[in-house]
Amino acid sequence: MQGIVERTTRLPHPAAAVYAWHARAGALERLTPPWERVDLVERSGGLEDGARVVLRVHVGPAAFRWVAVHRDVVPGQQFVDEQVEGPFSRWVHTHRMVPDGEACLLTDQIEYAPPYGLAGAAADLWLIRGRLEQMLAYRHAVLRDDLAAHARFGSTPPLHVALTGASGLVGRSLTTMLTTGGHRVSSIVRRSPKAGEIEWDPARGALDARALENVDAVVHLAGENIAGRRWTADRRRRIRGSRARGTALLAEALGRMQRPPRVLVSASAVGYYGNRGDEVLTERSGRGSAGDFLVQVTLDWEHGTAPARSAGIRVAIPRLGVVLSPAGGALAKLLPPFRVGLGGPLGGGAQWMSWISIDDAVGAIHHALLSDRLEGPFNATAPEPVTNADFAATLGHVLARPALLPVPAVALRALFGEMASATVLASQRALPAVLGQTGYPFRHASLEPALRHLLGRRADSVLPLAP
């Protein structure tokens, strides 16, 4: 039994530009939905006939090797991916870019045959077709918004961006968003560098500053993870040191350069504001209590950029909220209990949660890189923060599961100590005033549409939950 899934979207960009986006490094990774677990094993060639991609696709506890080969390539108009090894009996994915005046009609068509005969046909009706439709909807939304973001700065030449934290949740998405837009990214790494990478070791105060001489911009995301475990004395030192020492090392090196980059985007967090209850927080709001560990960490983090500012480099500091993605972070940790109906608010649920979708997190950083008007701290949070209780109810609604089992604050404090009080139980109602003033258009201003996009759950969806 064969099936066909097709989606067409009109994009206000020339067909050649849409094709070029697909031909750049990172396009496959950028278009892979975050609810899918796909590892790139090998790639040979670009979009030319015979180019080959090898993937490892995880479905629940199982993993499949997937080998696809490009064929029927018409530069600027079309390319086809055909599965030559993998789980499907047949898989042919045709990508067409048809000119429509100055715009383009993008069509993705997937012809497929599920494996395992009648059992595969039943799985198709129950799961496969819906998953493919969700995947194409996600791909077209990401492509539409990315192309719009790049077009807003179309007169700016491509940048060479050096990036710390490239292997993290935000760093991975930012890399592919930049490279598909024609920018070049060089990762700053603590291991032995590969070709095109830059070596550093903040603990030893070592950085290959010569490799930074030709970069146009630097994005600094690296830092010890603050969540998930108790803050022992040793862990507190690592959390604070990784941010303070790393930021100072980088900013001092940039400040000494003969040809410094035009901009440094150095991450911070809404933890800067401390636990503020129902107070509405903008960038003009003062910091939290000096005795709050996360407040002190963010102060050190932000103050570490001073040498770069003194050297005349534009410094933008995104105070990130809770970044939402099923591929990692808080949302990934919450999904297992919520999927089986065991989710609910944390603590009393009245605390405010300043969230941002992964797409807007990287979109805001891209905006900061290219918008000369944006300087200093800015809240990288969605315009509509929610209480923790509302977040739990919305996530349960999107997943079509109850969300009625609260986790008492006393239990969270018993398990995680100060970390729980300063993170999941703290209240920050931060609004992105500076992003609004500098013209950033949010992709996901409201929580429910953001979660539906990130989890592949349309409002009319009756599909079973993705594994």
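In this structure, W66, F88, W91 and Y112 are linked into a cluster by ring pairs, where rings of Phe, Tyr and Trp (its six-membered ring) pair if their centres lie within 6.5 Å, and planes under 30 degrees apart count as stacked, over 60 as edge-to-face and the rest as tilted. The model is predicted, so that local features need pLDDT of at least 70 and side-chain atom pairs count only at pLDDT 80 or more, whereas totals for chains, interfaces and linings use all residues. Residues are numbered from 1 along each chain as its sequence is written, and side-chain values use heavy atoms, with hydrogens and water left out.

**Aromatic pairs**

The structure holds 9 aromatic pairs. One of them is formed by Y19 and F79, which meet edge-to-face with 6.2 Å centre to centre and 80° between the planes. This pair links distant parts of the chain, since Y19 is in helix α1 and F79 in strand β5, 60 residues apart; helices (H or I, at least four residues) and strands (E, at least two) are DSSP runs, numbered from the N terminus. The rings of W66 and F88 have centres 5.8 Å apart and planes at 65°, so this pair is edge-to-face. Because W66 lies in strand β4 and F88 in the loop between β5 and β6, the pair ties together parts that are 22 residues apart in sequence.

The table lists the relative accessible area of these residues, where buried means under 20%, exposed over 50% and partly exposed in between (1.4 Å probe, protein chains only).

| Residue | Relative accessible area | Class |
|---|---|---|
| Y19 | 10% | buried |
| F79 | 4% | buried |
| W66 | 12% | buried |
| F88 | 14% | buried |

**The second largest pocket**

W66 and W91 also appear in the lining of the second largest pocket, which has 42 residues, and they are among those that lie nearest its centre, together with L55, V57 and M135. A pocket is, on a 1 Å grid over the protein atoms alone, an open set of points where a 1.4 Å probe fits, with protein on both sides within 12 Å along at least five of seven lines, and lining residues have an atom within 4 Å of a point. The largest share of this lining, 9 residues, comes from α3. The lining divides into 28 nonpolar, 8 polar and 6 charged residues, where Ala, Val, Leu, Ile, Met, Phe, Trp, Tyr, Cys and Pro count as nonpolar, Asp, Glu, Lys and Arg as charged, and the others, Gly among them, as polar.
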